[in-house]
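Student: I would like to learn how to read helices, salt bridges and sheets from a set of coordinates. Could we work through one case together?

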Amino acid sequence: MDGMKERDNNFITDLTLGLVDTLQGVAGVQDVSVASRAGVERAVVLAWEQRHNVVMPAALRSLYMATDGFKLTWNYSTAGKVLPLGNMEVHPLGRVNRLGTGRGSGDPLAPSITDLALAEDPPLPASLQVTQRSGGPRPVSASSPAFSPPTFHTSKMFEIDNCQGFGRVVVAYPGRGEAFPEGSYWFVDLSLRPHVLAVDTHTYWRLMLAHLGMPQWQALVAGQGLTPWARQWYEVVASYLLEGPRPPRPPHQAPDLVNRLDWSVFKTKKTHHKTKSLKDASKDSANKDAAAKDAGKAKE
């Protein structure tokens, strides 16, 4: 039993890149909890793929075969109260359903095909699709490539996180004539507009861990901003996340001088030469003192 528990702990440490230990060291953070589940069989994943006629990204398939979904939560203690704050989640495979299959109408958390069709804008030129469809201008970089967002008419989107009611994260597959990476990750806001998060599973997973599961982190990464309530908690717990991603360092730029070791202290030749010079100086001084004493005796 202890061996199994130790193995589970090692698996969680590897899966979260040591985030659990990091969170436990943050002042005010407590009750860090990770839901550990057994992985699904490969046949179950294949059955899901055949049912939806898509191929799951290899990294996501490996995740489900290791653990059927993922959920990490943590609380924050302040002013004598303990509040549930952190949450990061990937739905179990049985809950990974295609967006737009709900029969409800008018409910943004369970839209029907009609709701989704009404929510879509007319097609835009490719050069404008990223900026206008994402709710405002946003710089296009390596982390936010210039490709058109998915549409509910032809794309297939599968929800993996409901973002605690502030939207949803989906894995999207392009339809005919669409140009975005297969198996990419998007944040769908409450107005049913998709905004790119990551082009693959590895990037999305690292984004999720880097943002500690803070409230509305998906909207922050997507460039949609935060509610005043969420921004207040970022200021308290992780204000550095509000500074945005750090731009990549140009190749010609020297690395930051942080905790750099001065290798000159290990150059033995210079040290030996310096020591020798000091010894010679001390000998010369001693000889001069002796000569001065002899001169004094001669005068007497």
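**Reading a predicted model**

Tutor: Start with helix H7, where the exposed residues His202 and Arg206 sit on the face turned away from the buried side. Keep in mind that this is a predicted model.

Student: Which residues of H7 are buried?

Tutor: First the general idea: an α-helix has 3.6 residues a turn, so residues three or four places apart point the same way. In H7 (residues 201-210), the buried residues are Thr201, Tyr204, Trp205, Met208 and Leu209. Their directions span an arc of only 130 degrees around the axis, which places them on the same side of H7.

Student: What is found at the ends of H7?

Tutor: The N-terminal end of H7 is capped by Asp200, with a side-chain oxygen 3.5 Å from the backbone nitrogen of His202. After H7 comes Leu212, whose phi is positive, near 60 degrees.

Student: How does helix H3 read by the same approach?

Tutor: H3 covers residues 42-52, and Val45, Trp48, Glu49 and His52 are buried there. These four residues lie on the same side of H3, because their arc around the axis is only 95 degrees. On the face turned away from the buried side are the exposed residues Ala43, Gln50 and Arg51. H3 is followed by Asn53, which has a positive phi, near 60 degrees.

Student: What do the buried residues of H3 pack against?

Tutor: They pack against helix H4 (58-66) and strand E4 (156-161).

Student: How many salt bridges does the structure hold?

Tutor: The general idea is that side chains of opposite charge can pair when their charged atoms come close. This structure holds four salt bridges. One of them joins the side chains of Arg61 and Glu49, at 3.3 Å from N to O. Arg61 belongs to helix H4 and Glu49 to helix H3, so this pair ties together parts 12 residues apart in sequence. Arg61 and Glu49 are both buried.

Student: Which residues does Glu89 pair with?

Tutor: Glu89 meets Lys71 in a salt bridge of 3.4 Å, N to O. This pair links distant parts of the chain, with Lys71 in strand E2 (residues 70-78) and Glu89 in strand E3 (residues 81-90), 18 residues apart. Glu89 also forms a salt bridge with Arg95, and there the closest N and O atoms are 3.6 Å apart. Through these shared partners, Lys71, Glu89 and Arg95 are joined into one network.

Student: Are the members of that network buried or exposed?

Tutor: Glu89 counts as buried because its relative accessibility is 9%. Lys71, at 27%, counts as partly exposed, and Arg95, at 42%, also counts as partly exposed.

Student: What is the strand order in the sheet of four strands?

Tutor: In general, strands of a sheet pair through backbone hydrogen bonds, either parallel or antiparallel. Here the sheet is open, its order is E4-E5-E6-E7, and the pairing is antiparallel. E4 and strand E7 (194-198) are at the edges with a single partner strand each, so one side of each has no neighbour in the sheet. With direction ignored, neighbouring strands of this sheet are turned by 40 degrees against each other on average.

Student: How many bridges join E5 to E6?

Tutor: Five bridges join the antiparallel strands E5 (residues 168-173) and E6 (residues 184-188). Across from Tyr185 in E6 stands Val171.

Key:
Residues are numbered from 1 along each chain as its sequence is written. This is a predicted model: local features need pLDDT of at least 70, side-chain atom pairs count only at pLDDT 80 or more; totals for chains, interfaces and linings use all residues. Side-chain values use heavy atoms; hydrogens and water are left out. Buried means under 20% relative accessible area, exposed over 50%, partly exposed in between (1.4 Å probe, protein chains only). Helices (H or I, at least four residues) and strands (E, at least two) are DSSP runs, numbered from the N terminus. The arc is that of the directions from the helix axis to the C-beta atoms. Contact means heavy atoms within 4.5 Å. Two strands pair if DSSP finds at least two bridges between them. Axes are lines fitted to C-alpha atoms, for helices over the stretch in contact, and angles run from 0 to 180 degrees between N-to-C directions. A polar contact is a pair of N or O atoms within 3.5 Å; within protein, one must be able to donate a hydrogen and the other to accept it, and residues adjacent in sequence count only if both atoms are side-chain atoms.
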